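Please look through the structure shown here, following the text from a pocket to the annotated region and then to the sheets.

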Amino acid sequence: MTLTDKKNTAISNIKKYNRVLVAFSGGIDSTLALKLAIEALGKENVYAVIANSVLFTNEEFDKAVALATTMDVEVITTQIDYLANAEIKHNTPASWYWMKKLFYQRMNELVGEYHADVVLDGMIMDDNNDFRPGLRARDEEGAISILQTADMYKVDVRELAAAEGLSNWNKVASCSLSSRFAYNTELTVDAIERVKKAEAYLRELGFATIRVRVQDLTARIEVPSEQIADLLAHAEQINRTLLELGYQYVTLDLMGFKSGRMNDSLTSETKAALVK
Ligand code: NMN
């Protein structure tokens with residue numbers, strides 16, 4: 001399929017519905033999904049739903065709201081209390097399933113309230129290659145990953161987004177802050193806020209892609225390997241700041257940034273059971 005074929009497939013798949021909610025994060029994938037939905041159905045039949053919760057930063061939420069607003073579409077915001085769910089609170093490997101379950105259930109309530117037909121999200125083909133127990137919750141709740149229905153990969157999304165004139169999406173891929181914590185440890189608001197502060201500080205220093213992974217009171221910093229030397233140039237200052245935030249040990253992961261690093265502690269059996 002050419003890129004034009006993929007775009008046409010996505011548009012005609014969206015046209016099967018009259019009115020849709022787009023689960024919007026402000027990242028490139030859901031920005032493209034939103035743009036195509038508006039093109040297919042007209043902005044009066046499209047709502048951008050943006051969820052806020054303690055597991056994501058307020059900055060990302062604010063950016064997503066600002067971006068959806070510039071796309072001239074009605075924005076619905078909603079708050080989700082993920083920590084009320086015991087699996088999420090204890091950061092079990094199944095928590096990814098539960099986060100998406102709560103998320104799509106909330107989306108479906110909004111589908112009813114706004115007399116829409118379906119929830120569209122921005123998941124792409126590449127997302128199938130990761131450990132994503134949440135995909136099962138998406139399927140159970142009937143949400144449609146509209147870009148996947150058109151066989152779109154990241155490279156297609158980038159090319160099409162550029163052709164559609166989309167440029168101001170949130171460039172750094174975001175993910176629940178629970179990915180910073182060791183599995184089967186309790187997530188507290190204090191611990192999550194500490195990670196937010198530590199990562200915000202590192203971003204201020206100029207590191208866009210960072211993770212502060214937490215094991216007990218140890219902070220393990222991940223930056224892309226080519227930036228490790230730059231990070232070390234600020235070692236003393238970073239150490240002091242993170243100790244002040246309440247960590248006892250401040251360490252650097254010599255492997256560099258690796259998305260999904262916490263999953264290295266899971267056996268293949270555990271993973272397979274959750275993505276069935
Ligand atoms: O980039 P980090 O912070 O490591 O987070 C990525 C990891 O988070 C992924 O490898 C995946 O295991 C997990 N995740 C799961 C879902 C899901 O199940 N829907 C969504 C986003 C992230």
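Sorted by class, the lining of the second largest pocket consists of 7 nonpolar, 3 polar and 7 charged residues. The model is a predicted one, and in it this second largest pocket holds about 380 Å³ of space. Of the 17 residues that line the pocket, Thr57, Glu60, Lys63, Val172 and Arg203 are the closest to its centre. Two or more lining residues are given by each of helix H3 (58-70) and helix H8 (189-204). As for where the second largest pocket sits, domain 1 (3-164) and domain 2 (177-263) both contribute residues to its lining, and therefore the pocket lies between the two domains.

A record can be set beside the model at this point: the unreviewed UniProt entry carries the annotation "domain: NAD/GMP synthase", which covers residues 16-163. Over residues 16-163 the chain is 46% helix and 16% strand, while the C-alpha atoms at the two ends of this stretch are 24 Å apart.

The sheets come next, and a general point helps in reading them. Strands of a sheet pair through backbone hydrogen bonds, in either a parallel or an antiparallel sense.

One open sheet is formed by 5 strands in the order S3-S2-S1-S4-S5, with parallel pairing. Strand S3 (74-79) and strand S5 (144-145) stand at the edges of this sheet, and because each has a single partner strand, one side of each is left without a neighbour in the sheet. The partner of S5 is strand S4 (residues 118-121), and these two pair in the parallel sense over 2 bridges, with Leu120 standing opposite Ile144 in S5.

Another open sheet is formed by 3 strands in the order S6-S7-S8, and here the pairing is mixed. Its edges are taken by strand S6 (211-215) and strand S8 (249-252), each of which has a single partner strand, so that one side of each is left without a neighbour in the sheet. From one strand to the next, the twist in the sheet S6-S7-S8 averages 25°. Between S6 and strand S7 (residues 218-222) the pairing is antiparallel and runs over 5 bridges, and Ile221 in S7 is the bridge partner of Val212.

Terms used
Residues are numbered from 1 along each chain as its sequence is written. This is a predicted model: local features need pLDDT of at least 70, side-chain atom pairs count only at pLDDT 80 or more; totals for chains, interfaces and linings use all residues. Side-chain values use heavy atoms; hydrogens and water are left out. On a 1 Å grid over the protein atoms alone, a cavity is a set of points where a 1.4 Å probe fits but cannot get out, and a pocket is an open set with protein on both sides within 12 Å along at least five of seven lines; lining residues have an atom within 4 Å of a point. Grid points are joined across faces, edges and corners, and a volume is the space filled by probe spheres set on the points. Helices (H or I, at least four residues) and strands (E, at least two) are DSSP runs, numbered from the N terminus. Ala, Val, Leu, Ile, Met, Phe, Trp, Tyr, Cys and Pro count as nonpolar, Asp, Glu, Lys and Arg as charged, and the others, Gly among them, as polar. Domain bounds come from an automatic or database domain assignment. UniProt positions are given in the numbering used here, feature names are shortened, and annotations may be inferred rather than shown by experiment. Two strands pair if DSSP finds at least two bridges between them. Axes are lines fitted to C-alpha atoms, for helices over the stretch in contact, and angles run from 0 to 180 degrees between N-to-C directions.
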